[in-house]
Amino acid sequence: MTHHYTAHTYSAGSGRLAMATRLATEWQRMARQTHNIRRANAWNLEGPEVTHLNEILTRCGFDRTGDDQHFDDYLSRLVVVAQTDDLATRIVFQRILPGLIATAVRRSPTIPTGLVGAFDSIVSAAWVTIRCFPIERRPHRVAANLLMDIEYQAFVRDSRLKMHRSEDHRSPSAMLGLEFGLFRQGDMESDPVSESAGIEILLHELASAGLLPREIHMLRAISLNFNSVEIAPVLNIAPRTARNRRERVITKARKILLKEAQQDELGD
């Protein structure tokens, strides 16, 4: 079967989005790779085994008209997988990419750097938003809700935090006193979403080292610039409790990563 998922939506006006073109090239390569196809089939999603990752895009409604419940249900199950699997995250990202580009086009007149800057902001927000999406509470209209959340993270939340910032919102690497480079796995230099993926790699390292799921969720919320007041209602705890838990998790994560770094130095 021949798959034609072209980048025709990646042009806007007379300009062309270089990053979108890179994403299209990357997708064409990874969607046909045997190890990715084998990994996707291991998820045991509905339907026969796929021979190309574009078949998964089709099943969750890519380039299809109408609001078919079947597409939405399939995408919902894929987002569940994406909470812990970077390939599934990349497929969800690809599924909503036309909507992300449309959002960037709509937002570009309000961004000093124009369309390119708007799309860069969208891509930066998308990866972690997909990984953190509360699919258990919002299992319907998944694509539309993801786009809404990503737009908020990219264009609304950051400006609000700049106006009202009551806690230290350093990057997770700075917060933990270490660089992501110590914990990166494989070659990610060509990955357009590598910065967000780096956060997920760090969190994966911490989970493997023993951090509890709720502690990982806290660190992920911190990486998204949520402060304790905003985290508290989600966890159903008081802001002071959230602040204390936040500090305990940061301390615990820092100790784990410093220990790993010391072990690496001894092994060299």
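So, the nonpolar core. This is a predicted model, and its largest nonpolar core has 48 residues. If you want to click on the ones with the most contacts inside that core, go to W43, L53, I56, L78, I91 and F119. Who supplies it? At least two residues each come from α1 (18–30), α2 (34–41), α3 (54–59), α4 (69–82), α5, α6 (114–132) and α7 (142–163). The helix that gives the most is α5, with 10 residues. And there's another core, apart from that one, with 15 residues, L206, L211, I216 and V249 among them.

Let me zoom out for a second. We've got 12 helices and two strands in this protein. Reading from the N terminus, the order is β-β-α-α-α-α-α-α-α-α-α-α-α-α, so to speak, strands up front and then helix after helix. Of the 268 residues, 49% count as buried.

Okay, back to α5, residues 86–107. At the start of this helix, a side-chain oxygen of D85 comes to within 2.9 Å of the backbone nitrogen of L87. Now, how far does α5 span between its end C-alpha atoms? A straight helix of 22 residues would give you 32 Å at 1.5 Å a residue, and here we get only 27 Å. Have a look at I96, where α5 has a kink of about 55°. That kink sits shortly before a proline, P98.

Put α6 next to that. Its 19 residues should span 27 Å at 1.5 Å a residue, and the end C-alpha atoms are 28 Å apart, which agrees. There is a kink in α6 as well, of about 30°, centred on A126. As for its surroundings, 14 of the 19 residues are buried, so α6 is largely enclosed by the rest of the structure. One residue to pick out in α6 is G117. With a relative accessibility of 11%, G117 is on the buried side of the 20% cut-off. Its C-alpha is separated by 8.5 Å from that of A104, and the two are 13 residues apart along the chain.

Next, α2. Which of its residues are buried? Those include N36, I37, A40 and N41. Look down the axis of α2 and you'll see its buried residues fall within an arc of 135°, so they line one face of the helix. Turn to the other side of α2, and T34 and R38 are exposed there.

A couple of other spots in helices. In α1 there's A24, which counts as buried at 7% relative accessibility. A24 and L97 are 73 residues apart in sequence, but C-alpha to C-alpha the separation is 9.8 Å. Then, over in α12, residues 239–267, you'll find A242. A242 is buried too, with a relative accessible area of 1%. The C-alpha atoms of A242 and V229 are 7.6 Å apart in space, with their positions 13 residues apart in sequence.

On to backbone angles, for anyone who likes a Ramachandran plot. N44 has a positive phi of about 60°, although it isn't a glycine. Where does N44 lie? In the loop between α2 and α3. At 67% relative accessibility, N44 counts as exposed. The other one to flag is R141, again not a glycine, with a positive phi of about 50°. R141 is in the loop between α6 and α7.

Last thing, cysteines. How many disulfides turn up in a search of the whole structure? Zero. As for individual cysteines, C60 is buried, with a relative accessible area of 1%. C132, on the other hand, is partly exposed, at 26%.

So, if you're opening the model after this, here's where I'd point the viewer. Start with α5, the helix that gives the most to the largest core, and find the kink at I96. Then move to α6 and its kink centred on A126. After that, look down α2 to see the buried face, with T34 and R38 on the other side. And finish with the loop residues that have positive phi, N44 and R141. That's it from me.

Terms used. Residues numbered from 1 in each chain as written. Predicted model: local features only at pLDDT ≥ 70, side-chain atom pairs only at ≥ 80, totals over all residues. Heavy atoms only, no water. Helix = DSSP H or I, 4+ residues; strand = E, 2+ residues; numbered from the N terminus. Expected span 1.5 Å × (residues − 1). Bend = angle between axes of the 7 residues up to and from the residue. Polar contact = N/O pair within 3.5 Å; in protein donor to acceptor, adjacent residues only side chain to side chain. Core = buried A, V, L, I, M, F, W, Y, C linked by side-chain atoms within 4.5 Å. Buried < 20%, exposed > 50% of the residue type's maximum accessible area, 1.4 Å probe, protein only. Disulfide = S-S within 2.5 Å. Arc of directions from axis to C-beta.
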